[in-house]
Amino acid sequence: MYVYDEFDRAFLAERVADFRDQVERRLSGALSEDEFKPLRLMNGVYLQLHAYMLRIAIPYGTLSSDQLRRMAHVARVYDRGYGHFTTRQNIQFNWIKLEDLPQAMADLGEVGVHGIQTSGNCIRNVTTDQWAGATPEEFDDPRIWAEILRQYSTFHPEFTYLPRKFKIAITAAPKDRAATKVHDVGLRLHRNEDGELGFEVLVGGGLGRTPFVGKSIRPFLPVRHVLSYIEAIMRVYNQFGRRDNIYKARIKILVHEIGAEAFAQAVEAEWANIRDGALKLTDEIIDDIRARFLYPDFAALEAEPAELKAALEDPRFATWYRNSVHKHKVPGYSIVTISLKPVGAPPGDATADQMDVVADLADAYAFHEIRVGHEQNLCLPNVATKDLPELWRQLDAAELATPNVNHISDIIACPGLDYCALANARAIPVAQEISKRFADLDRSRGIGRLHVNISGCINACGHHHVGHIGILGVEKNGQEFYQITLGGRADEHAQLGTLLGPAVSYDQVPGLIEDIVDAYLELRSSPKELFIDTVHRLGVEPFKERVYATH
Amino acid sequence: MPLIENGKLVEDRFIRVADEDETLPASTPVLLSLDRFLKEEEALKSANVEVGLIWPNNKPIAEIAPYLPRLALVALNFPTFRDGRAYSQARLLRERLGWKGPLRAVGNVLRDQFLIMARSGFDQIVPVKPADAQAFDAAMHSYTVFYQPTGDGRKSLLRARLGRSATRADDNGSSDRGAAA
């Protein structure tokens, strides 16, 4: 965990006071709604279909148990008893009243949690791998660099009114769990031949109505230059990004229009002027931030304790263990994913009671720490392997042990037309119905890894372009229709899905998904070939023939 | 409209001359658009009046460099408060081009942006709303903690954190003058 110091706490208190004053000026009429809107957005406050929505940042997906408990409190006191974890490592409360907002923010601020820059045309919450600091795969803890960027980007005077929002993601492992190739800037931390730590820098990725995979503009940037290089990128974008059309204002359009090479040249030219200036990170600065991250005091434990061996006799535990437990870098410890996708429930939702349970379990078994991943699941990154059976028993009792991580029912979905003012179609009920069709765990295990992503409109908050199966809700003559894409992925081999065929109606979607899965089971070369690999090998045509023949 | 310079309400010596106004007033400082400035370049040289220039948002600020020696004021525009191009122009003007003279924020200038304008290098502000002018002092002091260095000389957290440790006390007093540092 990163521990806020007196500076962070002072800033947060000032920000809460600033927003309280802005709300008062809005209520008195001194601020028009037009003037207030960007200010509230930069504090995470949206006006949705039915109510104000408060989006809270979970910087790089890391939460303490006290912070999660405070979110449960906000859900209980100011909302309707639940919260929704998003694909950007944030949590949203959908039913908060404007007059309660400053107090809810003050309550959250007491534990160092806030909604700053979770919306608006500024640098948003920097996201990373939910297994940071725990996975044996990483070159360094990416949260150190996410925290440095969080501080740098917080209320940046030059970059608070950008052409459009700006999202940065970092991966420090070759296996990309942070979807860095579909962000405005993706940073891939690795070591060069000399063992030096640096970033590959990608720009111009993104989803929405004009999706692009990011382009690499620099293969290796020594870590000490990360802030000056980001500043150079931001400065080029802030001056030359389009402001004439909101749909063409993201950096991906600028990069596309002038070309990645010309963009890179502009960035390098700007960077040459500032690379050795005040933003250059010294070892002292990096060490100072690093020292504020507290790591668990790991004990020397057996890698395969007797408790685990005994528990594996229970087939239900064994199923969960194989699905939801992952290798930790310290022997005797494990990474545990907590599925927020129980069959038939809205993806990513957690009740206040469930949040309290997870917070208590984190205290008992996981060094008080919880993570949120972009797949809308939670994670306990540091659990002693010997404690897994007891942890599982308690998760199971709270309906938090559905062993469907990475299965077809582990669906990413945006809030859709049930909540969102922008949506054209529902997303949550589509996810619920698909997960019911594949509720049989033996069946879904037989299908293997398959990511279904659902967006209720072209803005793509449900990341449909990068779902192995992507589902996009559109509106046709006042009816909800859905376009299906196959073959998208958000990992280190990121690519955009290919349209399968004509859009289908709401009622037809679950059956169509079943047909696609049946086609895959028939087409795959062996049970070892994943869905995404079959699509990659054969293209969408054989799927199209089979699926549309039956409809 | 009121003019605030370095926190104080002051008289505006400059007359803003629109492009369509026929003649330039004699012996009074004038604030001109780039088009007008270029059109009157020769006349202005001989008239010996102080000239202020409103640099457009859509031209790279580096191109102002040849004119700077003849200017008494530079103004940058905010067509709406949501358009942040002038923040980058301001920082480049101060930190890259070394402009030490007055730098004025004009256009849709509102209270909630005063502080970031100052941090970007503006020392003159023309607020749209009279009430905002009254609240200038409060707006400028709404924050005491700044995470990132700019050219405004305020100490940023990047250095302040280090200032806590006695061994690095020498960093404590130095400013974070941006690109030029």
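**Chain B, around β7**

I started with how β7(B) and strand β8 (residues 124-125) of chain B sit together: they pair in the parallel sense, over two bridges. Worth jotting down that this is a predicted model. For the register I looked up Ala105(B), and I found Ile125(B) in β8(B) standing opposite Ala105(B). Then I followed the chain from β7(B) to β8(B): the path goes through helix α4 (residues 114-120) of chain B, and this β-α-β crossover is right-handed.

Next I checked another partner of β7(B). Strand β6 (residues 73-78) of chain B also pairs with β7(B) in the parallel sense, here over five bridges. As a marker for this pairing I noted Ala75(B), whose bridge partner in β7(B) is Arg104(B). The connection from β6(B) to β7(B) runs through helix α3 (residues 85-96) of chain B, again as a right-handed β-α-β crossover.

Why is β7(B) largely enclosed by the rest of the structure? I went through residues 103-107 of chain B, and four of these five residues are buried, so the strand ends up largely enclosed.

**Where A meets B**

I pulled up the contact between the chains next. Chain A puts in 31 residues and chain B puts in 33. On the chain A side, the elements giving two or more residues include α1 (6-28), α2 (33-41) and α5 (142-153) of chain A. I also have α6 (226-240), α8 (260-274) and α9 (283-291) of chain A on that list. The largest share comes from α1(A), with six residues. By residue type I get 14 nonpolar, nine polar and eight charged on the side of chain A that touches chain B.

**The sheet in chain A**

I traced an open sheet of five strands in chain A, in the order β6-β7-β8-β9-β10, with mixed pairing. Its edges are β6 (127-128) and β10 (215-222) of chain A, each pairing on one side only. Inside the sheet I looked at β8 (residues 185-191) and β9 (residues 197-203) of chain A, which run antiparallel and are joined by seven bridges. One pair to click on there is Arg188(A) with its bridge partner Glu200(A) in β9(A).

Which strands does α5(A) touch? I see α5(A) packing on the sheet against β6, β7 (168-171) and β8 of chain A, its direction at about 160° to that of β7(A). Another helix, α8(A), lies across β9 and β10 of chain A and runs at about 30° to β10(A).

**Gly205(A)**

I stopped at Gly205(A), in the loop between β9 and β10 of chain A. Is Gly205(A) buried or exposed? I count it as buried, because 27 other C-beta atoms lie within 10 Å and the cut-off for buried is 20 or more. Leaving out residues up to four places away in sequence, Gly205(A) touches, among others, Lys181(A), His183(A), Phe212(A) and Lys252(A). I also took one distance: the C-alpha atoms of Gly205(A) and Ser216(A) are separated by 9.8 Å, with the two positions eleven residues apart along the chain counted as their spacing.

**Cores**

Last, the nonpolar cores. The largest has 170 residues, and Ile233(A) and Val358(A) touch the most other members. I find α6(A) giving the largest share of this core, nine residues. Contacts of Ile233(A), not counting residues up to four places away in sequence, are Val185(A), Val203(A) and Val267(A). I also noted a second, separate core of 36 residues, with Val17(B), Leu31(B), Trp55(B) and Val109(B) in it.

Key
Residues are numbered from 1 along each chain as its sequence is written. Chains are lettered from A and ligands numbered from 1 in the order in which they are written. This is a predicted model: local features need pLDDT of at least 70, side-chain atom pairs count only at pLDDT 80 or more; totals for chains, interfaces and linings use all residues. A residue is buried if 20 or more other C-beta atoms lie within 10 Å of its own, exposed if 12 or fewer, and partly exposed in between; C-beta atoms are placed from the backbone. Helices (H or I, at least four residues) and strands (E, at least two) are DSSP runs, numbered from the N terminus. Two strands pair if DSSP finds at least two bridges between them. A crossover is right-handed if, with the strands pointing away from the viewer, the path from the first strand over the helix to the second runs clockwise. Two residues are in contact if their C-beta atoms, placed from the backbone, lie within 7 Å. Ala, Val, Leu, Ile, Met, Phe, Trp, Tyr, Cys and Pro count as nonpolar, Asp, Glu, Lys and Arg as charged, and the others, Gly among them, as polar. A nonpolar core is a set of buried Ala, Val, Leu, Ile, Met, Phe, Trp, Tyr and Cys residues joined through C-beta atoms within 7 Å. Axes are lines fitted to C-alpha atoms, for helices over the stretch in contact, and angles run from 0 to 180 degrees between N-to-C directions.
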